[in-house]
Amino acid sequence: MLDSAPLLRSLRDAAAREARVPVGFLGAITRGSDGEELTEMAELREVGALGFTDDGRPVASAGMLRKALQYQRLCGGTIALHEEDRTLSRGGAMHEGGVSAALGLGGIPSVSESTMVARDAALAGYEDARVHFQHLSCAASVRAVAQQRRRAGG
């Protein structure tokens, strides 16, 4: 996770020397991607972060995400969100349904994703922030995004 300016600067410099294709970086939203404390997003932007993500981990606290959206609005970039309520998906290995039941595998209910998308779309609309919802996998999530876009007039 890229949660400090020195780390991002080092990686950016290495990519400039060695990469054969254009490379961009997203800084972490929270330190250690643990959802507890915001990174210095403005500092990360100054050294080249295009945006922010704790990908692979959701920002579980609505209050923490709201602070991140406010900060992002001030310093720019986009916040890319991994949407999952881990209290609902815990122990799941695949989409919850007939196949997961037949295989005897724990399922992840689609509501684990769609409830977070609805919450975060509402927060982004309220804060007039730029967000990207990563890898959506269910129709209810797509509907939640579309509904918020209609409310926002876009």
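Which residues have the most contacts inside the largest nonpolar core? Here are a few points on this predicted model, with helix α3 as the thread.

1. The answer is L8, I29, F52 and I79, and the largest nonpolar core they belong to has 27 residues. Two or more residues come from each of α1 (5-18), α2, β2, α3, β3, α6 and α7 (139-152). Of these, α3 gives the most, with five residues.

2. That makes α3 worth a look on your screen. The helix runs over residues 62-75, 14 residues in total, and spans 20 Å from its first C-alpha to its last, close to the 20 Å expected at 1.5 Å a residue.

3. Which residues of α3 are buried? They are M64, L65, A68, L69, Q72 and C75. These residues lie on the same side of α3, because they cover an arc of only 140° around the axis. As a reminder, an α-helix has 3.6 residues a turn, so residues three or four places apart point the same way.

4. Next, the surroundings of that buried side. The cover over the buried residues of α3 includes α2 (41-46), β2 (49-53), β3 (78-81), α6 (111-127) and β6 (131-133).

5. I79 ties several of these threads together. Leaving aside residues up to four places away in sequence, I79 touches A68, L69 and Q72, and its other contacts include I29, M41, F52 and V131.

6. Finally, do check both ends of the helix. At the start of α3, S61 places a side-chain oxygen within 3.3 Å of the backbone nitrogen of G63. After α3 comes G76, with a positive phi near 95°.

Methods
Residues numbered from 1 in each chain as written. Predicted model: local features only at pLDDT ≥ 70, side-chain atom pairs only at ≥ 80, totals over all residues. Heavy atoms only, no water. Helix = DSSP H or I, 4+ residues; strand = E, 2+ residues; numbered from the N terminus. Expected span 1.5 Å × (residues − 1). Buried < 20%, exposed > 50% of the residue type's maximum accessible area, 1.4 Å probe, protein only. Arc of directions from axis to C-beta. Contact = heavy atoms within 4.5 Å. Polar contact = N/O pair within 3.5 Å; in protein donor to acceptor, adjacent residues only side chain to side chain. Core = buried A, V, L, I, M, F, W, Y, C linked by side-chain atoms within 4.5 Å.
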